[in-house]
Amino acid sequence: MPTILGQNQYGKAENRVVKITRDGATHHIKDLNVSVALSGDLDDVHLTGSNANCLPTDTTKNTVFAFAKEYGIESAEQFGIHLARHFVTSQEPIKRARIRIEEYAWERIASSDANSKFIGSDEVNHSFVRKGQETRVTQITYDGQKWEVISGLKDLVVMNSTNSEFWGYIKDKYTTLQEAYDRILATQVSGRWRFNWTDDDQRMPNWERSYEQTRKHMLEAFAETYSYSLQQTLYQMATRIINHRAEIDEVRFSLPNKHHFLVDLEPFGLKNDNEVYYAADRMYGLIEATVLRDGATAQIPVDMTNL
C-alpha cells in the first residue's frame, strides 16, 4: 500500500544555556532550557535520505549558544523571537520554527551584616538561589520516652557565578580536567539537621523560626565563602548552622556538583569571556559529609534517600 508523509519537524531539544551578565561586581543570570523544532521542505530527507535541505541539529544548538553571546537574553520571549526569525529567514527550506523555552528563575542571596572571612558582605552580588524549588522535610521518632527530630530541606538549587576555584588536585594518566581559577559553583542542596531536644522536660525549639534561621545561615555561608572546593563550602555551611543555632547538634549535607562548562565559541568568531555556559545535569560529582557539634554523636543516616 502507498504511504504519504505527514507532518514532520526536527531540531535540538533542551539546550540548557546559562547567560551571566556582569555589571561590574553585580551579576545577573538568565537560565533557559531552549528547544528548537524546524519544519518546511523536508520531504526528501525522509523519502530519499538526501540531507540537502537539512540544517543539522548541532547547528541549531550552536546558534542558541552563539545568540546568547551576540544578542544577550533580555527575556525568554525576545530570545525566542531572535532564534525563530533567524532560522526561517536564513534557511530557504525552513518554513516554520518553533522555539520552546523554559526559564528557571533565580534571586539574590542576601549576605549577613557582618563581614565574611574572605569578602565584605557589601561585595556579595554574585550569589543566587533558585526560586520555588525547595521542599521542607522533617522526621520525628518517639519511643514513649525520647524524641528524635531530624529536619531539613531538599531540591534547593544555589549558585555562585564567581569566587570559586578548583586546582591543585591529584593528576594521573586518566586526568583530563583543567584547573579552574574562576568557575561557577552550583549545587542542589539536600540537607538534614538533628535537634538536641530529646524529651518533654526540655524547652521545645521554635520550629518555624529555627527552620527560617537555619536556612538563612546556610545560604549566607554559601554566598560568603570563597570556595576552593565544594567540600570546603559544605563544611562552612554546616559550621555556620551549628555555630548560630544552639538547638542543632548535627548537620549532614548531600551536594551534587551541578557542573557548568564554558562553551567554545571560537569556531563562530566569538570570544567567550566567562559568559556562556553549558549546564550539565549528568554526570555529576556528589559531595557528602556530616558536621557535628563537639561532643555530639552522629545519628543522621549516611544514606538520606529515605529520610
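Here are short questions and answers on a predicted protein model.

Local features need pLDDT of at least 70, side-chain atom pairs count only at pLDDT 80 or more, and totals for chains, interfaces and linings use all residues. Residues are numbered from 1 along each chain as its sequence is written, and side-chain values use heavy atoms, leaving out hydrogens and water.

Student: What radius of gyration does the protein have?
Tutor: The radius is taken over C-alpha atoms, and the globule rule is 2.2 Å times the number of residues to the power 0.38. For a compact globule of 307 residues, that gives near 19 Å. The protein itself has 24 Å.

Student: Among contacts between residues at least 6 apart in sequence, what share joins residues at least 24 apart?
Tutor: A contact means heavy atoms within 4.5 Å. Take the contacts between residues at least 6 apart in sequence. The share joining residues at least 24 apart is 68%.

Student: Where is Arg 240 found?
Tutor: Helices are DSSP runs of H or I, at least four residues, numbered from the N terminus. Residues 230-244 form one such helix. Arg 240 is found in helix H5.

Student: Is Arg 240 buried or exposed?
Tutor: Buried means under 20% relative accessible area, exposed over 50%, partly exposed in between (1.4 Å probe, protein chains only). Arg 240 has 17% relative accessibility, so Arg 240 counts as buried.

Student: Which residues does Arg 240 touch?
Tutor: Leave out residues up to four places away in sequence. Arg 240 then touches Ser 112, His 217, Glu 220, Ala 221 and Glu 224.

How values were computed
Helices (H or I, at least four residues) and strands (E, at least two) are DSSP runs, numbered from the N terminus.
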